[in-house]
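Please find below my notes on the side-chain contacts and surface patches of this model. They are set out as numbered points, to be read with the structure open.

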Amino acid sequence: MIALVAIEIFAVFETAMALAAIPTFMRVFEADSAAVGWTGTAYLLVGAVSAATAGRLGDIFGRRNVLVTVLAIAAVGSLISVLASSLWLVILGRGVQGMAAGALPLSFGLVRELLPERRVPFVMSLLGGVVPVCTGAGSLIAGVLIDHGGWRNMFVAATAMGVAATLIALLALPRTPGITPRPSVDVVGAVLLAPAVGGILLGVSQSEDWGWSDPRVILAILVGVAVLATWIWWERRVPDPLVSIALFRNRKVALATAAAFMVGAGPMGAVSILAHMVLQLPETAPVGLGLSPTDAGYVLFVVAIVAYAGAIASGRIAQKMGARPCLVLGTLIYALGIFLWMFLDQSIAGTMFCLALTGLANGFALTALPILVVEAVPVEHTGEATGVNRVTLNTGVACGLAITSVILATSTVEGTHMPTHGSFVTTVIVFTCLSLVGTVLALLIRGGRTTVADEPEATPAKV
C-alpha cells in the first residue's frame with residue numbers, strides 16, 4: 001500500500017508540474033499560448049490512450065511488469081524535456097510523459113489483486129485522493145524550481161521522481177502473473193483506440209483556441225467519433241478484445257461511466273477554470289479577488305488537502321456501505337458548493353468555503369467512481385474497466401473546460417477579455433444543474449457488489 005501511494009505521488013507530480021511552466025515557456029521560446037498549450041494537449045492525448053490500454057495489458061501480462069514499463073517510459077519523457085532545445089522537443093517529452101497516466105488503473109488492479117477485499121475501498125480512496133493533493137503541491141514546487149533555477153530543473157526533478165517510482169515498482173511490489181493462458185493482444189483495437197480518443201479530445205481541448213466553428217475542431221471530433229464507432233464494432237467481434245464491450249452492458253458499470261463523464265464535464269472541469277479566474281483576476285474586475293499566483297496556489301493547495309480528507313472519508317464509507325452513497329453525497333456537495341459561490345464570490349473567505357466544498361466533493365467523487373466499477377466487474381477485468389472510466393472522466397473534464405470557456409466568453413467587459421458577473425452566474429447555474437444530473441445517475445445505481453458475471457446476458461467471453 002505504501003509503495004503504491006508513493007508511486008502515484010511520483011506519477012502525479014511528474015505530470016502536474018509542467019502546467020505551472022506555461023507562462024515561462026511562452027517567454028523563453030517566444031511562442032503564443034496556442035503553441036505552448038500543446039505541452040498539455042500532448043500529455044492529454046497520450047495519457048488517454050495509456051489509461052485505456054495499460055490496464056488491460058496489466059490484466060494480461062501482469063500489472064507490476066506493465067506498471068514498471070509505463071513509469072520508465074514516462075521518466076524517459078521527462079529526460080527528453082530536460083535536454084530539449086526547442087518547444088517542440090518539450091512537447092515531445094510531455095507526450096512521452098503521458099504514459100504515466102496508465103499508473104492509476106494499474107494500481108487499482110494491483111490493490112484488488114493483492115489485498116483482502118475488505119481493504120480494497122479504503123486503499124483505493126488513498127490512491128484516488130493523492131491526485132488532487134499532488135496536483136496542487138506540484139504546481140507550488142514547480143514554481144519554486146522555476147524561480148530558483150529555471151524550467152529545466154523542473155524536468156530534472158520529474159526525471160528523478162520517475163526513476164524513483166520505477167525502482168519502487170520493481171523492488172517493492174510483488175510480481176503478478178496476469179491471465180493464464182495468455183490471450184492474444186488486440187493490436188487492432190489498440191491502434192483504433194488512439195485516434196478515436198485522441199480525435200475527440202483534440203477537438204474539444206483545442207476548441208477554446210481554434211473556436212467551435214473551426215473546420216479543424218469539427219473534423220477532429222467527427223473523425224474521432226467515426227473511429228470510435230469502428231472500434232466498438234471491432235471490439236464486439238474480436239475473441240480477445242482490448243476492452244470488453246460486454247462489461248458496459250452491466251447497469252452499474254454503464255451508470256458509473258455516465259456519472260464519470262457528467263462529473264468531469266460539470267463541476268470538475270468548471271471549477272478548474274473558475275477557481276483561478278476568481279482568485280487571480282484584479283479586484284476592479286466584475287469577478288476577481290486580486291490574489292497573486294503564489295497566494296492562489298496556497299489557497300488551492302489547502303483545497304486539495306480538504307479533497308484528500310474527503311477521499312479518506314469516502315473510502316471508509318465505501319468500505320462499510322458501498323460506493324454509491326459516496327457518489328450521491330459527492331455530487332450533492334458539488335451542487336451546493338458551486339451554487340453558494342454565486343453569492344459569495346466577492347469574499348475571499350466565501351470563495352475558500354465554496355472551493356473547500358467542491359474539494360470535498362472531489363474527494364468523494366474521485367474515490368467512488370473507480371470503486372463502483374470494481375464492485376461490478378470480475379477481477380481479471382479491473383484494469384481495463386477502471387482505465388476506461390478514467391478516460392471518460394478526463395474526456396468530461398476537457399468538455400467542461402471548453403463549455404466554461406465558451407460561456408465566459410459570451411459576455412465580457414467592453415474592451416477586455418474579462419468575463420462579466422452575469423457570465424459567471426450563468427456558468428455557476430449551468431454546472432449546478434449538471435451536478436444534480438450526476439446525483440440522479442448516482443441514485444439510479446444499484447447498491448452493493450454486483451459483477452458482470454451475475455448478469456448472464458452481459459457475461460464477457462472467457463479468456
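**Notes on side-chain contacts and surface patches**

1. R216 has a relative accessible area of 46% and is therefore partly exposed. The model is a predicted one, and the values in these points should be read as such. R216 pairs with D214 in a salt bridge, with 3.1 Å between the closest N and O atoms. D214, at 14% relative accessibility, is buried, because the cut-off for that class is under 20%. The bridge thus joins a buried residue, D214, to a partly exposed one, R216.

2. The salt bridges number four by the rule applied. As background, side chains of opposite charge can pair when their charged atoms come close. Another of these bridges is formed by K252 and E375, whose closest N and O atoms are 2.8 Å apart. K252 belongs to helix 13 (residues 251-280) and E375 to helix 16 (residues 348-376), so this pair ties together parts that are 123 residues apart in sequence. K252 and E375 are both buried.

3. A salt bridge also connects the side chains of E113 and R63, at 2.6 Å from N to O. Because E113 sits in helix 7 (residues 103-114) and R63 in helix 5 (residues 63-83), the contact ties together parts that are 50 residues apart in sequence. How accessible are E113 and R63? E113 has a relative accessible area of 29% and is partly exposed, whereas R63 has 6% relative accessibility and is buried. The two residues also belong to a network of salt bridges that links D59, R63 and E113.

4. On the aromatic side, the count comes to seven pairs. In F25 and F29 the ring centres are 6.1 Å apart and the planes stand at 45°, so this pair is classed as tilted. F25 and F29 are both buried. A pair of aromatic rings is described by the distance of the centres and the angle of the planes.

5. Which class does the pair of F25 and W151 fall into? The ring centres of F25 and W151 are 5.7 Å apart with the planes at 80°, so the pair is edge-to-face, the cut-off being over 60 degrees. This contact links distant parts of the chain, with F25 in helix 2 (residues 22-28) and W151 in helix 9 (residues 151-172), 126 residues apart. Both partners, F25 and W151, are buried. Ring pairs join F25, F29, W151 and F155 into a cluster.

6. On the surface, a patch of positive charge gathers R118, R119, R316 and K320. Of these residues, R316 is placed in helix 14 (residues 293-321). R316 has 44% relative accessibility, so it counts as partly exposed.

7. A nonpolar patch on the surface is made up of F61, V185, V187 and V191, which together have about 320 Å² of accessible area. V187 is found in helix 10 (residues 187-205). With 51% relative accessibility, V187 counts as exposed, since the class begins at over 50%.

Conventions:
Residues numbered from 1 in each chain as written. Predicted model: local features only at pLDDT ≥ 70, side-chain atom pairs only at ≥ 80, totals over all residues. Heavy atoms only, no water. Patch = residues over 30% accessible without salt bridge, like charges linked within 9 Å, V, L, I, M, F, W, Y side chains within 5 Å. Areas by Shrake-Rupley, 256 points an atom, 1.4 Å probe, with all protein chains shown as cover. Lys, Arg positive; Asp, Glu negative; His and termini not counted. Charge placed at Lys NZ, Arg CZ, Asp CG, Glu CD. Helix = DSSP H or I, 4+ residues; strand = E, 2+ residues; numbered from the N terminus. Buried < 20%, exposed > 50% of the residue type's maximum accessible area, 1.4 Å probe, protein only. Phe/Tyr/Trp six-rings, centres within 6.5 Å; stacked < 30°, edge-to-face > 60°.
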